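Reader: I should like a close look at one part of this model, namely its largest cavity. Please describe what lines the cavity, and then set it beside the salt bridges and the nonpolar surface.

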Amino acid sequence: MMSIFTKLTQRYLSKNKTRTIVTLIGIIVSMALFTAVIEGAYSGYQFLKNREIAVTGEWQVIMNNVNKDGLEEAKTNKQIEQYENIYTLGWAEVANENDYKPYLLVQSLGDMEHALFPINLVSGRMPEKQDEILLPENFIANAKEKYQVGDTITLETGQRFIEKEQLSDNTPYQEKESLKNTTKHTFTIVGIMERLPFEIEEFSCPGYTCITNGFHTDSQKLFLTIQSPSKMQEFLMRQTISDSYVPHSDLLRFYGAFKASGERSVLIGLTTILVLLIAYGSISLIYNSFSISISERIRQFGIMRSIGASNRQIRRMVLFEAFLLAIIGIVLGVIVGCVGIGVTLAWVQNNFIANIANKVGIGLRLVISPLPILIAVMICLVTTIVAAYIPAHKAIHKSAIEAIRQSDEIIIKPNEVKTTKLTQRLFGFAGVMATKNFKRNKRKYRSTILSLALSVILFIS
């Protein structure tokens, strides 16, 4: 029995091609908007995450003062995806204009390939041996002696103490402190780098961080990434690598490990508002199309019910029509939406990136992901089914006689379609007829006006 109703639906769609195409265009537009908004938001989200990685590094947490046992745990811990160690050679006094930063903090690249530790060269190259060093450009600017690539610099490195208490890396400079256990080193300056991110070299750090290579000391830092960044807080509570650590909070927020940042909250909020506006507008648009379609078939439904068709079968017939059109519209809508937002992002990215990230290779591009598209598909499918179900529900609750006679489709009371002389003067005969049409069936015209208003709201949004 169901196959008969399916054939009837397919025949109706093929015979009413104009109505079918209009409904299909409405679904395509809705799906394209859903795809564009959700994929655009996801692409923007990925851009913000990539910008954070480019500026501050891909590391997710820094483990300070790691000993040999801590290093062994890092090697065997299955939760750790990758790690990179940096050895601390010591502090060295230097003459510079900043009284709060009287030191250079000399650190040596570790045993692994440099990937997580963010070093951005301004000039020169990376250090390869123990007698080569990379200086930060903020130290070069503040140093009383002018240094450049190729010069040599002699440093006496040691540990900071106040009497017998050793100070940590981020303890602010204090006048009573002094360096102990110093060792003299002479380095050749092979390069100049940008200042390290504040997450690594904090404001309170009393020294400029510089980089050498080839030293192995008892004091080292580990830069880690884990397999499930969203579970970083659980990882930090259970690990025994080090008691002192610095999580990369701004990056971990993008993985959901911490409370959403302002940028992320704004992005999610705007996306939600736009999706709700589009959903409401789509329901109105598609509802109008199905409402007119069902109004034209009310008599057909009445005849079918008079010969034994159940309400459930009539409802399935309408929902099958909606589902069939939705499948075609969704596939085409995904393509249109992805192409549209892809072109849009490519067109606006230059000005956008100039204001947000000044990094080579970080672009605002379309990032196609299955999950955002699946979310858009589910929203559009539900929207279409709801839009078709509302008029279908109204139609099946009419008796078979009322449906055949269509006695309640348009009900006009006496003197209800009269117009004023002002309408005649302002708009002429066409205006009078339009006004009378409006008064004959106010419900449909209200839907049209609402759809137009929503279109303007969506465009402005």
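Author: By class, 5 nonpolar, 3 polar and 5 charged residues make up the lining of the largest cavity. Here Ala, Val, Leu, Ile, Met, Phe, Trp, Tyr, Cys and Pro count as nonpolar, Asp, Glu, Lys and Arg as charged, and the others, Gly among them, as polar. The model is a predicted one, in which local features need pLDDT of at least 70 and side-chain atom pairs count only at pLDDT 80 or more, while totals for chains, interfaces and linings use all residues. Residues are numbered from 1 along each chain as its sequence is written, and side-chain values use heavy atoms, with hydrogens and water left out.

The whole structure has 2 cavities of 30 Å³ or more, and the largest holds about 100 Å³ of space. Among its 13 lining residues, those closest to the centre are Asn 64, Asn 170, Ile 200, Glu 201 and Lys 221. A cavity is a set of points on a 1 Å grid over the protein atoms alone where a 1.4 Å probe fits but cannot get out, and a lining residue has an atom within 4 Å of a point. Grid points are joined across faces, edges and corners, and the volume is the space filled by probe spheres set on the points.

The structure holds 6 salt bridges, each a side-chain nitrogen of Lys or Arg within 4 Å of a carboxyl oxygen of Asp or Glu. One of them pairs Arg 253 with Asp 250, with the closest N and O atoms 2.6 Å apart. Glu 201, named above for the cavity, is joined with Lys 101 and Arg 195 into one network by salt bridges that share partners.

Another salt bridge links Arg 125 to Glu 132, at 2.7 Å between the closest N and O atoms. Glu 132 is buried because its relative accessible area is 7%, whereas Arg 125, at 34%, is partly exposed; buried means under 20%, exposed over 50%, and partly exposed in between (1.4 Å probe, protein chains only).

On the surface, Phe 323, Leu 324, Ile 327, Ile 328, Val 331, Leu 332, Ile 335, Val 339 and Val 343 make a nonpolar patch of about 750 Å². Patch residues have over 30% relative accessible area and no salt bridge, with like charges joined within 9 Å and nonpolar side chains (Val, Leu, Ile, Met, Phe, Trp, Tyr) within 5 Å. Accessible areas come from the Shrake-Rupley method with a 1.4 Å probe, and for residues only the protein chains shown count as cover.

Key: On a 1 Å grid over the protein atoms alone, a cavity is a set of points where a 1.4 Å probe fits but cannot get out, and a pocket is an open set with protein on both sides within 12 Å along at least five of seven lines; lining residues have an atom within 4 Å of a point.
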